[in-house]
Amino acid sequence: MKPRGMPRKHIRRCRFCSDLQLEIDWKNVALLRHFVTERFKLNSARQSRVCAWHQRKVKEAVKRARKMALIPYTVSKKLPPDVLFG
């Protein structure tokens, strides 16, 4: 049993598990930009704070958005990344 003065460990919750109305969709670029870096690499599940099941869904959605040219594969030397995401 823990002593009374010990703080409890903070449990991180997946944003998709806690909010059931939020859906992962490859057409929702505004949502997907939270899961890629400024160089358009995928963030890890630990950095993006999602569970493993939803991380796989995010990965598939980012790949589909890249294939449909909604998200670039890499950073263009001509355009800065803030221009692409607005």
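Biologist: Which residues gather in a patch of positive charge on the surface?

Modeller: Arg56, Lys57, Lys59, Lys63 and Arg64 do. Keep in mind that this is a predicted model.

Biologist: What makes that charge positive?

Modeller: Lys and Arg count as positive, and the patch is made up of Arg56, Lys57, Lys59, Lys63 and Arg64.

Biologist: Let's pick Lys63. Where does Lys63 lie, and why is Lys63 called partly exposed?

Modeller: Lys63 lies in helix α4, which covers residues 52-67. Its relative accessibility is 44%. Buried means under 20% and exposed means over 50%, with partly exposed in between. So Lys63, at 44%, counts as partly exposed.

Biologist: Zooming out, how many helices and strands are there in the protein?

Modeller: Five helices and zero strands. Along the sequence that reads α-α-α-α-α.

Biologist: And how much of the protein counts as buried?

Modeller: Of its 86 residues, 21% count as buried. As for the outside, the protein exposes about 7,400 Å², and carbon and sulfur atoms supply 53% of that.

Biologist: What share of the contacts with a separation of 6 or more comes from residues 24 or more positions apart?

Modeller: Those residues account for 59% of them.

Biologist: Back to helix α4, then. Why is Gln55 called buried?

Modeller: Gln55 is found in helix α4, and its relative accessible area is 15%. The cut-off for buried is under 20%, so Gln55, with 15%, is buried.

Biologist: What is Gln55 in contact with, leaving aside its neighbours within four places in sequence?

Modeller: Asn43, Ser44, Ala45, Ser48 and Val50.

Biologist: Val50 sounds worth a look. Where is Val50 found, and what makes Val50 buried?

Modeller: Val50 is found in the loop between α3 (45-48) and α4. Its relative accessibility is 8%. Since buried means under 20%, Val50 counts as buried at 8%.

Biologist: Which residues is Val50 in contact with, apart from neighbours within four places in sequence?

Modeller: Cys14, Phe16, Phe35, Ala45 and Gln55. Also, Val50 and Arg13 are 37 residues apart along the chain, and their C-alpha atoms are separated by 7.3 Å.

Biologist: Phe16 is on that list of contacts. Is Phe16 buried or exposed, and how do you know?

Modeller: Phe16 sits in helix α1 and has a relative accessible area of 3%. Set that against the under 20% rule, and Phe16 is buried because its value is 3%.

Biologist: What does Phe16 touch, again leaving aside neighbours within four places in sequence?

Modeller: Phe16 is in contact with Leu22, Ile24, Leu31, Phe35, Val50, His54 and Val58. Phe16 and Arg49 are 33 residues apart in sequence and 9.7 Å apart in space, C-alpha to C-alpha.

Biologist: Why is Arg49 called exposed?

Modeller: Arg49 lies in the loop between α3 and α4, and its relative accessible area is 52%. Exposed means over 50%, so Arg49, at 52%, is exposed.

Biologist: What is the phi of Arg49 near?

Modeller: The phi of Arg49 is near 60°, a positive value in a residue other than glycine. Ala69 is not a glycine either, and has a positive phi of about 65°.

Biologist: Where is Ala69, and why does Ala69 count as exposed?

Modeller: Look in the loop between α4 and α5 (81-85). Ala69 has 64% relative accessibility. The bar for exposed is over 50%, so at 64% Ala69 counts as exposed.

Biologist: Last one: what makes Glu23 exposed?

Modeller: Glu23 lies in the loop between α1 (15-18) and α2 (29-32). With a relative accessible area of 59% and a cut-off of over 50%, Glu23 is therefore exposed.

Biologist: How many residues apart in sequence are Glu23 and His54?

Modeller: They are 31 residues apart in sequence, and 9.9 Å apart in space, C-alpha to C-alpha.

Definitions and conventions
Residues are numbered from 1 along each chain as its sequence is written. This is a predicted model: local features need pLDDT of at least 70, side-chain atom pairs count only at pLDDT 80 or more; totals for chains, interfaces and linings use all residues. Side-chain values use heavy atoms; hydrogens and water are left out. Patches are made of residues with over 30% relative accessible area and no salt bridge: like charges are joined within 9 Å, nonpolar side chains (Val, Leu, Ile, Met, Phe, Trp, Tyr) within 5 Å. Accessible areas come from the Shrake-Rupley method with a 1.4 Å probe; for residues, only the protein chains shown count as cover. A salt bridge is a side-chain nitrogen of Lys or Arg within 4 Å of a carboxyl oxygen of Asp or Glu. The place of a charge is taken as NZ of Lys, CZ of Arg, CG of Asp or CD of Glu. Helices (H or I, at least four residues) and strands (E, at least two) are DSSP runs, numbered from the N terminus. Buried means under 20% relative accessible area, exposed over 50%, partly exposed in between (1.4 Å probe, protein chains only). Contact means heavy atoms within 4.5 Å.
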